[in-house]
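Got the viewer open and a selection box ready? Here's a stop-by-stop walk, with something to pick at each stop.

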Amino acid sequence: RAAVASTALAVAAGSQLAALAPASAAPAQAGSPSSWAAACDSGSLGLDKDTVQLAPTLPTDRRPDGTPVAYSPDARGMYTPIVMVHGWTGSDTHDAAGQGAFSHRIDLTANRLGTVTTTRSLIGQFQDLPGAAVFTFDYHPYSARWVDDEHLGPALGKVIDCLYRASGQKVIVVGHSMGGLVTRYAATHRGVAGQDRAAEISTVVTFGTPETGSVAALLAEAGLDAGAPTNDLLAVVRL
């Protein structure tokens, strides 16, 4: 499952970026990914403890030939923002500790007995695509809240708005688990100057996201509904 998800994401992002890189020259892009990061950080957008980061390239992320991954522009000399959104109770800030949801080495083994031979994380894989500018949106301090909380869906929406304006490019969003629901909320609400935010997004990729609801959650709800009238603990949990 991890292998399919990781490979699909890499192919999807690569295909999207390739489509944005025509052979003919294009006008120079205003600013650089680092300048977008400064304009679209948490402080500038008033996001409190949410963290917005241009993911740094790490020495542990390497190409198959052993050289480090590196940011590079596409054939137009331009970059496209890719925003990574982690899941419930997770985190995706990319640093040397490698604890972020997308910072672990991509696991291409089919079982626990296999050997991991990949040399980079999912973020590292994206960073090495020409034209990719990989940002992380980390809402960990608020991840126990629901997606309409101001620090989740609406906050991601502000990040998308800002990166769209700063880069002049439609944004690619990659969401894992609850991050996909946060992305859905952001994508279906109004963006810059009240326009449909879907016009600011070129592609949304989700994996492990309960797009049609969760069977486990429905069963748990039924159990709590049945047990709450006779069990004080279940009544509190249900509340």
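The tour begins with the whole chain and then goes through it piece by piece.

**Stop 1: everything, as cartoon**

Before you click on anything, keep in mind that this is a predicted model. Color by secondary structure and you should find 8 helices and 5 strands. Reading from the N terminus, the order goes α-α-α-β-β-α-β-α-β-α-β-α-α.

Now switch the surface on. About 12,000 Å² is exposed, with 58% of that coming from carbon and sulfur atoms. Of the 239 residues in the protein, 42% are buried. If you like contact maps, take the contacts with a separation of 6 or more: 73% of them are between residues 24 or more positions apart.

**Stop 2: helix H6, residues 178–187**

Select 178–187 and hide the surface again. Why is H6 largely enclosed by the rest of the structure? Because 8 of its 10 residues are buried. To see them, show side chains for Met178, Gly179, Gly180, Leu181, Val182, Thr183, Ala186 and Ala187.

What do the buried residues of H6 pack against? Add these four elements to your selection: strand E2 (80–85), helix H5 (153–167), strand E4 (171–176) and strand E5 (201–207). The next few stops take them up.

**Stop 3: strands E4 and E5**

Keep 171–176 and 201–207 on screen. E4 and E5 are parallel partners, paired over 6 bridges. The route from E4 to E5 goes through H6, making a β-α-β crossover that is right-handed. For a spot to zoom in on, pick Ile172, which sits opposite Thr203 in E5.

**Stop 4: strand E2**

Next, select 80–85. How many of the residues of E2 are buried? The count is 6 of 6, so to speak a mostly covered strand. Try coloring the side chains by direction: Thr80, Ile82 and Met84 point one way, while Pro81, Val83 and Val85 point the other way, and all of them are buried. That's a pattern to expect in general, since side chains in a regular strand alternate between the two faces of the sheet.

Now bring in the neighbors. E2 runs parallel to strand E3 (residues 132–138), and 6 bridges join them. E2 also pairs with E4 in the parallel sense, this time over 4 bridges. Val83 is a handy residue to center on: it stands opposite Phe135 in E3, and its bridge partner in E4 is Val173.

**Stop 5: helix H5, residues 153–167**

Select 153–167 and drop a distance label between the end C-alphas. This helix of 15 residues reaches 21 Å from first C-alpha to last, close to the 21 Å expected at 1.5 Å a residue. Its buried residues include Leu156, Val159, Ile160, Cys162 and Leu163. Step just past the end of H5 and you land on Gly168, whose phi is positive, near 75 degrees.

**Stop 6: the disulfide**

Stay in H5 and pick Cys162, then add Cys40. A disulfide joins the two, with an S to S distance of 2.1 Å. A search of the whole structure turns up 1 disulfide. The dihedral about the S-S bond is -85 degrees, making the link of Cys40 and Cys162 left-handed.

Why does this pair tie together parts that are 122 residues apart in sequence? Cys40 lies in the loop between helix H2 (33–39) and helix H3 (42–45), and Cys162 is in helix H5, so the link spans that stretch of chain. With the surface back on, Cys40 and Cys162 are both buried.

**Stop 7: Thr57**

Go to the loop between strand E1 (51–54) and E2, and select Thr57. Is Thr57 buried or partly exposed? Its relative accessibility is 34%, so Thr57 counts as partly exposed. Beyond its neighbours within four places in sequence, Thr57 is in contact with Val69, Ala70, Tyr71 and Gln127. Select Gly124 too: it is 67 residues away along the chain, yet the C-alpha atoms of Thr57 and Gly124 are separated by 6.9 Å.

**Stop 8: Arg238**

Last pick: Arg238, in helix H8 (residues 232–238). Setting aside neighbours within four places in sequence, Arg238 is in contact with Leu224, Asp225 and Ala228. Draw a C-alpha to C-alpha line from Arg238 to Asp225 and you get 7.2 Å, for a pair 13 residues apart in sequence.

Notes. Residues numbered from 1 in each chain as written. Predicted model: local features only at pLDDT ≥ 70, side-chain atom pairs only at ≥ 80, totals over all residues. Heavy atoms only, no water. Helix = DSSP H or I, 4+ residues; strand = E, 2+ residues; numbered from the N terminus. Buried < 20%, exposed > 50% of the residue type's maximum accessible area, 1.4 Å probe, protein only. Contact = heavy atoms within 4.5 Å. Areas by Shrake-Rupley, 256 points an atom, 1.4 Å probe, with all protein chains shown as cover. Pairing = 2+ DSSP bridges. Right-handed = clockwise from strand over helix to strand, strands pointing away. Expected span 1.5 Å × (residues − 1). Disulfide = S-S within 2.5 Å.
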